[in-house]
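Below are some comments on the model we discussed, set out as numbered points. Please read them with the coordinates open beside you.

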Amino acid sequence: MREALRKRAAALAAGAAALALALPLLAANHPGSRENFAIIERGRYLTVAADCAACHTDPHQSTAFAGGRPIETPFGVVLAANITPDRDTGIGGWTDRQFDTAVRQGKLPDGKRLYPAMPYPYYTKMSREDVLAIRAYLNTLPPVHNDVDSNQLPFPFNIRSAMWLWDALYFSPGSFKADPAQSDIWNRGAYLVEGPGHCGACHTPKTFLGGDKTRLQFQGYSIQGWFAPNITNDEAHGLGRWSNADVAEYMKKGHNRIAGASGPMGEEVADSSSQMTEADLNAIATYLKARSGQTLAASSVAVNDPMMVAGAAIYQDLCSACHRGDGHGVPYLIPDLATSSTAASREPTTLIRVVLRGAQTVATKDEPTGPAMPSFGWQLTDAQVAAVATYIRNSWGHAGPVLTEDEVRKARGNLAARND
Ligand code: HEC
Ligand code: HEC
Ligand code: HEC
């Protein structure tokens, strides 16, 4: 995965270099070129904020935006399309209106529907000007001939027209409306989070068909073998114990005094949020911290429960050297398990995964070391992992249900079936 990230970064850098070459030409050849330049630059920034490259660049190829990366959906795998300006296999022949309709309405020029693996249910909140600025930027990239057959789904999901039903159930088109009762910074944050940032794609719980449970917006969801935690201001499970500056710093550097970003969030930080402006990251923090969560009633396991006793002993032996006896870890290096929402969460996917497999946090320009957690899967049995996880869930102020041996066994099986 690191290798894949490095390749993608190189591909994006090549894209940026091509842009740097193209811009003076554009500027020289077009009347009103100063405005063109500003639009293209705005489009570049929004393409980063919307993380179009994450899906549209195949990490095994070095051609940015030429598509082919498999995207998991509840129906099966869909390959992201080629969105370079190639006329035959990309979007070179599309009108602006066709591009806007694809990005904000999920419809192709021939009227067929896109699968929601493309986050149009979120991008619909973007303004038309912003989407056309993205197009203007994409137009400056080198066209790449790459014929992608996106639809790899099994019957009956391979029938695109079936997606009208999905749209009818879960898609509410319409661009973002600012709330005049809120500050400008809150509104900017809301726009970025709900629109281009499509944070809900990973952080909002879904129905079995992959539609957002809007009532539970941003309250946490499992994707790609990770858990994307609650990012509302919920005290127990969300960002309640983070300051606005903690949120902005995590998005910028991939680390803060409490946590480090790994897995899909590591990618999101590397490709997108670490390249956003401080002002926008503060806006995102302001908006998230203003969202109240829905704190669920706590159920805790007694300290003298045999599982807690066993868990405490394992923690003392194997974990406390790094995470410390009080769970607080080491700021910027070792996550604070006492504040971690991964530890507090009722959804144990990341907790189990990290203990079994280990993990590496993202390295960014500002924080070039991405500290790693060793794997314990080879050393601990399912019952031992369950015990230490139950201990973490019920220490330092956390209160969570027992994690069972059975849950660990299932998670181990699921992880073994994945190659990331
Ligand atoms: C989470 C992954 C993901 C992200 C992020 C994403 N896309 Fe997509 N996109 C896809 C997938 C998958 C498809 C193919 C869907 C299908 O075939 O139904 C697609 C299809 C498209 C298409 C239709 C192209 C065609 O020829 O079928 C366009 C245009 C597009 N994306 C533009 C964008 C832009 C612009 C952005 C950023 C603002 C973006 N996408 C971000 C996954 C993504
Ligand atoms: C591709 C999926 C994905 C997207 C898109 C995504 N996230 Fe995440 N996010 C995750 C995962 C997975 C984690 C857990 C990472 C870990 O455990 O290291 C996470 C963690 C976080 C955390 C740390 C929470 C904690 O308590 O440790 C914050 C804050 C966050 N995301 C904010 C955002 C914001 C804001 C956006 C939109 C701009 C966003 N995320 C978009 C998957 C995603
Ligand atoms: C060598 C130091 C080290 C040891 C020993 C260690 N960890 Fe970690 N741990 C880390 C680092 C570094 C991370 C950040 C990695 C990441 O999230 O990608 C981490 C992350 C975690 C996380 C995820 C926290 C979050 O908020 O995302 C959990 C849970 C965790 N460790 C539990 C344990 C348990 C349980 C043990 C003992 C069985 C243990 N660790 C032993 C260094 C260590």
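1. Ser-345 sits in the loop that runs between helix 14 (341-344) and helix 15, and in this predicted model its relative accessibility is 6%, so that it counts as buried. Once its neighbours within four places in sequence are left aside, the residues in contact with Ser-345 are Phe-227, His-237 and Arg-393. For Ser-345 and Ser-150, the separation is 195 residues in sequence and 35 Å in space, taken from C-alpha to C-alpha.

2. Helix 17, which covers residues 405-416, is made up of 12 residues and reaches 17 Å from its first C-alpha to its last, a span close to the 16 Å expected at 1.5 Å a residue. Within helix 17, the residues Val-408, Ala-411 and Leu-415 are buried. These buried residues lie on the same side of helix 17, because they cover an arc of only 65° around the axis. Lys-410, Asn-414 and Ala-416, by contrast, are exposed on the other side of helix 17. As for the partners of the buried residues of helix 17, they pack against helix 15 (349-357) and helix 16 (382-393).

3. The loop between helix 16 and helix 17 contains Trp-396, a residue whose backbone deserves a look, since its phi is positive, at about 55°, although it is not a glycine. As a point of background, most residues other than glycine have a negative phi. Trp-396 has a relative accessibility of 22% and therefore counts as partly exposed, the cut-off for buried being under 20%.

4. A second residue to check in this respect is Phe-65, whose phi is near 70°, again a positive value in a residue other than glycine. Phe-65 is placed in the loop between helix 3 (52-56) and strand 1 (70-73), and with a relative accessible area of 3% Phe-65 is buried.

5. At what angle do helix 8 and helix 12 pack? Helix 8 (residues 184-194) and helix 12 (residues 278-289) meet at an angle of about 90°, and their axes are 7 Å apart. Helix 8 is therefore roughly perpendicular to helix 12. On the side of helix 8, the contact involves Ile-185, Trp-186, Arg-188, Gly-189, Ala-190, Leu-192, Val-193 and Glu-194, while helix 12 contributes Asp-280, Asn-282, Ala-283, Ile-284, Thr-286, Tyr-287 and Leu-288. Sorted by character, the residues of this contact of helix 8 with helix 12 comprise 9 nonpolar, 3 polar and 3 charged.

6. Helix 10 (residues 244-253) is largely enclosed by the rest of the structure, because 7 of its 10 residues are buried. The buried residues of helix 10 are Asp-246, Val-247, Ala-248, Glu-249, Tyr-250, Met-251 and Lys-252, and they pack against helix 11 (263-271) and helix 12. Just after helix 10 comes Gly-254, which takes a positive phi of about 80°.

7. Two further residues can be read together with helix 10, and Ser-274 is one of them, placed in the loop between helix 11 and helix 12. With a relative accessibility of 18%, Ser-274 counts as buried, and, if residues up to four places away in sequence are not counted, Ser-274 touches Met-251, Lys-252, Val-269 and Thr-364. Of these, Met-251 and Lys-252 are among the buried residues of helix 10. The other is Glu-278, which is found in helix 12 and is exposed, with a relative accessible area of 52%. Glu-278 and Met-251 are 27 residues apart in sequence and, from C-alpha to C-alpha, 9.7 Å apart in space.

8. Finally, Thr-207 belongs to the loop between helix 9 (200-203) and strand 3 (221-223). Which residues does Thr-207 touch, when residues up to four places away in sequence are not counted? They are Tyr-170 and Lys-213. Thr-207 can also be placed relative to Pro-74, from which it is 133 residues apart in sequence and 9.6 Å apart in space, C-alpha to C-alpha.

Note on methods. Residues are numbered from 1 along each chain as its sequence is written. Chains are lettered from A and ligands numbered from 1 in the order in which they are written. This is a predicted model: local features need pLDDT of at least 70, side-chain atom pairs count only at pLDDT 80 or more; totals for chains, interfaces and linings use all residues. Side-chain values use heavy atoms; hydrogens and water are left out. Helices (H or I, at least four residues) and strands (E, at least two) are DSSP runs, numbered from the N terminus. The expected span of a helix is 1.5 Å times one less than its number of residues. Buried means under 20% relative accessible area, exposed over 50%, partly exposed in between (1.4 Å probe, protein chains only). The arc is that of the directions from the helix axis to the C-beta atoms. Contact means heavy atoms within 4.5 Å. Axes are lines fitted to C-alpha atoms, for helices over the stretch in contact, and angles run from 0 to 180 degrees between N-to-C directions. Angles under 35 degrees count as roughly parallel, over 145 as roughly antiparallel, 65 to 115 as roughly perpendicular and the rest as oblique. Ala, Val, Leu, Ile, Met, Phe, Trp, Tyr, Cys and Pro count as nonpolar, Asp, Glu, Lys and Arg as charged, and the others, Gly among them, as polar.
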